[in-house]
Amino acid sequence: MEQGLTRVVAAPRLSAAARRRQLREKAVAGFISLMAFTGIAALILIIVFVAKEALTLFTDADARHEASLAKMFLPQEGRYPFRWQPVSDTPKVSMIPLFVGTLKITLVSMLVAVPMGIFSALFVAEFAPRRLRELLKPIIELLAGIPSVVLGFFALMVLSPVVKDLFHLDRPLNGTLAGLALALAIVPVIFTVSEDALTAVPRSYREASLALGATLWETAWKVVLPAAAPGILAACVLGFGRAIGETMIVLMASGNADIVSWNLGDSARSLSATIAAEMGEVVVGSPHYSLLFFIGVELFIFTFVLNMVASTWTKKVLQRLTGSAS
Amino acid sequence: MKYTTRRAVGLGLTGLTALAAFFIVGMLALILLNVARNGARHLSWTFLTQPPSDGMMGGGIFPAIFGTAALTLLMTLAVMPVGVLTAVYLHEYAPPESRFARWVRVAVVNLAGVPSIVFGLFGLGFFILFVGGNLDRMLGYEEMHWAQPGILWASLTLAVLTLPVVIVSTEEALRAVPLEQRTASLALGATQSQTLARVVLPGALPGILTGAVLAISRGAGEVAPILFTGAAYFLPDLPTHLDSQFMHLGYHTYVMATQSPNVTEASGPLYATVLVLLALTFALNLVAVIIRTRTRRKAASAH
């Protein structure tokens with residue numbers, strides 16, 4: 001009996017099978033952790049390999065001459081100070097028209113999508129009856145499931161004549177059309193994130209406000225919306241990032257002219273559409289090729305920064321409202 | 001202000017928010033109805049099963065359907081194991097407060113925000129030029145073999161693009177598996193990996209499949225990443241090797257819509273192509289959303 005007791009108390013000695021099992025567990029855990037590294041690796045590889053192809057611009061003497069930073073961003077001599085014509089006898093590589101085009105189109109889309117997104121989120125989160133809310137939320141999110149090439153096609157075939165007549169524009173393809181079509185793509189983003197932020201506001205806020213005699217609208221507008229403000233800002237920032245990077249809609253609907261004009265009826269060329277339109281015909285390793293990758297680096301950096309800002313704000317609103325850092 | 005006026009103003013503004021919500025729904029319905037009505041007119045068995053002829057005006061789009069399906073299948077094979085295991089790490093294996101897990105999350109969030117055209121550049125720079133170029137050198141090919149656009153590279157590019165979709169859905173599915181099931185399994189003497197393989201993953205399977213469906217729907221519709229990693233406008237032959245180029249519904253739509261000499265004449269086959277593409281992506285999305293809403297409701301009532 002005594003012997004049996006000491007045997008139990010002594011440190012358990014693992015059988016060979018148990019040791020094998022332990023080893024296998026460790027191997028599985030190690031493999032799974034290794035797989036989890038893929039996400040980080042992908043992000044790093046993306047920036048490294050896009051930047052690598054763009055680097056020639058700064059290392060190669062020919063490329064440096066043809067496309068210096070000054071030529072990209074400062075006005076050039078001649079009749080047109082800003083032109084993007086990388087395939088010509090004297091290549092012109094000013095990125096200003098691309099920046100102006102991108103901003104113009106993005107601005108139009110934000111002007112439409114932000115109020116639409118926030119208002120519909122307010123309706124779904126605050127005013128709609130429960131049954132309607134459960135129906136509306138997935139339906140609006142379904143809009144995000146339409147491929148952007150289909151939205152571009154829709155803009156081309158259906159919206160284009162309507163927009164042209166409505167705003168009395170000269171061209172069928174222009175910045176306004178691209179912006180409106182783009183709004184369709186980013187409304188679901190703004191809606192979803194805003195709605196989540198509004199729903200995260202505790203019930204007690206609403207009850208206190210209503211008890212003090214505020215109407216439903218006043219409660220929603222002056223209590224719930226301010227409480228969710230960082231989350232809603234994050235929604236707008238995310239939508240902005242999506243709008244800057246969206247390619248197919250803009251490529252198909254904007255007309256792609258490299259002009260510097262803030263007129264919304266003019267055709268416009270965006271950064272992303274430029275890559276998509278020109279990468280197919282470019283000579284690998286040429287300055288033009290590196291330039292397109294350089295635009296890719298710019299897009300990556302813009303969206304990366306916007307994403308980080310958005311996720312910080314989302315975290316902030318959750319922290320403030322729920323008191324936890326999840 | 002009197003309470004009644006305040007209420008009236010509030011009701012008016014509330015109506016405005018309702019208008020915004022229903023306007024979005026209306027636009028969605030308009031797009032779907034427009035495509036369905038105009039597309040159905042030109043849709044036929046021949047259109048679905050024949051290769052194009054007469055400069056895209058006649059015949060069908062079978063190679064594009066096949067190319068899209070093959071591309072998404074390869075993408076799914078690549079993305080599912082990696083995505084699911086990453087989510088498993090984040091939810092089951094990562095120690096609490098793990099710094100590595102936090103970095104993985106940050107990377108996934110940012111990966112989801114990278115513009116799709118940048119994925120295209122990445123596919124070209126990394127998969128085709130770097131991996132493909134080195135493969136050719138190592139395997140001793142004289143001419144380019146792997147260092148050119150092909151279906152394998154396009155599908156791997158899309159796999160990276162859809163990785164966040166799979167990770168997020170799988171994690172949500174894992175969260176829905178009750179903790180008691182894990183503790184019960186562990187208490188019966190099962191190891192962690194046995195619990196994972198026989199209790200947790202089967203329990204999370206519907207959610208994981210939802211993730212797969214969402215990833216397929218997203219991947220099948222993306223055009224920008226495959227523009228220069230493998231899509232071709234006209235190929236009468238189906239892709240037979242991992243390095244063949246392929247036709248794609250979305251790319252087909254883009255080229256036909258922007259480069260046809262006469263768009264009104266091409267609008268029949270064009271609308272039908274869009275309808276097939278939408279049926280593929282949108283229907284899958286619809287299925288995923290319905291399953292997801294149902295599981296969410298079940299999870300909410302279980303707690």
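1. B:T170 is buried in this predicted model, with a relative accessibility of 0%. The residue sits in helix α6 of chain B, which runs over residues 151–176, and, once residues up to four places away in sequence are set aside, B:T170 touches B:V84, B:A87 and B:I208.

2. A second threonine of chain B invites a parallel reading, since B:T253 also counts as buried at 0% relative accessibility. B:T253 belongs to helix α9 of chain B, residues 249–259. Its contacts, not counting residues up to four places away in sequence, include B:L270, B:T273, B:V274 and B:L277 from chain B, and they also take in A:V149 and A:F153 from chain A.

3. The partners of B:T253 in chain A lead on to the interface as a whole, where 77 residues of chain A are in contact with 81 residues of chain B. The area buried between the two chains is about 6,700 Å², and carbon and sulfur atoms give 82% of that area. On the side of chain A, the residues that lose the most area to chain B are A:I32, A:L142 and A:F153, which together account for 9% of what that side buries; A:F153 is also one of the residues that B:T253 touches.

4. As for polar and charged pairing, one salt bridge is counted between chain A and chain B. In a salt bridge, the side chain of B:R6 meets that of A:E218, with an N to O distance of 2.7 Å. Six residue pairs in polar contact, both residues at pLDDT 80 or more, are found across the interface of chain A and chain B. Helix α2 of chain A, residues 16–59, supplies the largest share of the side of chain A that touches chain B, namely 21 residues. Sorted by class, that side of chain A has 55 nonpolar, 15 polar and seven charged residues.

5. For chain B, an unreviewed UniProt entry places the feature "transmembrane region" at residues 12–36, 61–91, 103–131, 151–174, 195–216 and 270–291. Two of these spans can be set against the model: residues 61–91 of chain B are 97% helix and 0% strand, with end C-alpha atoms 43 Å apart, while residues 270–291 of chain B are 100% helix and 0% strand, with end C-alpha atoms 31 Å apart.

6. Within chain A, A:A228 lies in the loop between α10 (216–227) and α11 (229–245), and its relative accessible area of 0% makes it a buried residue. Leaving aside neighbours within four places in sequence, A:A228 is in contact with A:A197, A:L198, A:V201 and A:V317. A:A228 and A:L318 are 90 residues apart in sequence, and the C-alpha to C-alpha distance between them is 8.8 Å.

7. Two backbone angles deserve a look, each a positive phi in a residue other than glycine: A:N256 has phi near 60 degrees, and B:E97 has phi near 65 degrees. A:N256 is in the loop between α12 (248–253) and α13 (271–278) of chain A, and B:E97 is in the loop between α3 (62–93) and α4 (99–113) of chain B. As to accessibility, A:N256 has a relative accessible area of 19% and is classed as buried, because the cut-off for buried is under 20%. B:E97, by contrast, is exposed, with a relative accessible area of 77%.

Technical notes
Residues numbered from 1 in each chain as written. Chains lettered and ligands numbered in written order. Predicted model: local features only at pLDDT ≥ 70, side-chain atom pairs only at ≥ 80, totals over all residues. Heavy atoms only, no water. Helix = DSSP H or I, 4+ residues; strand = E, 2+ residues; numbered from the N terminus. Buried < 20%, exposed > 50% of the residue type's maximum accessible area, 1.4 Å probe, protein only. Contact = heavy atoms within 4.5 Å. UniProt positions renumbered as here; feature names shortened; annotations may be inferred. Buried area = accessible area lost by both parts, 1.4 Å probe. Salt bridge = Lys/Arg side-chain N within 4 Å of Asp/Glu carboxyl O. Polar contact = N/O pair within 3.5 Å; in protein donor to acceptor, adjacent residues only side chain to side chain. Nonpolar A, V, L, I, M, F, W, Y, C, P; charged D, E, K, R; others polar.
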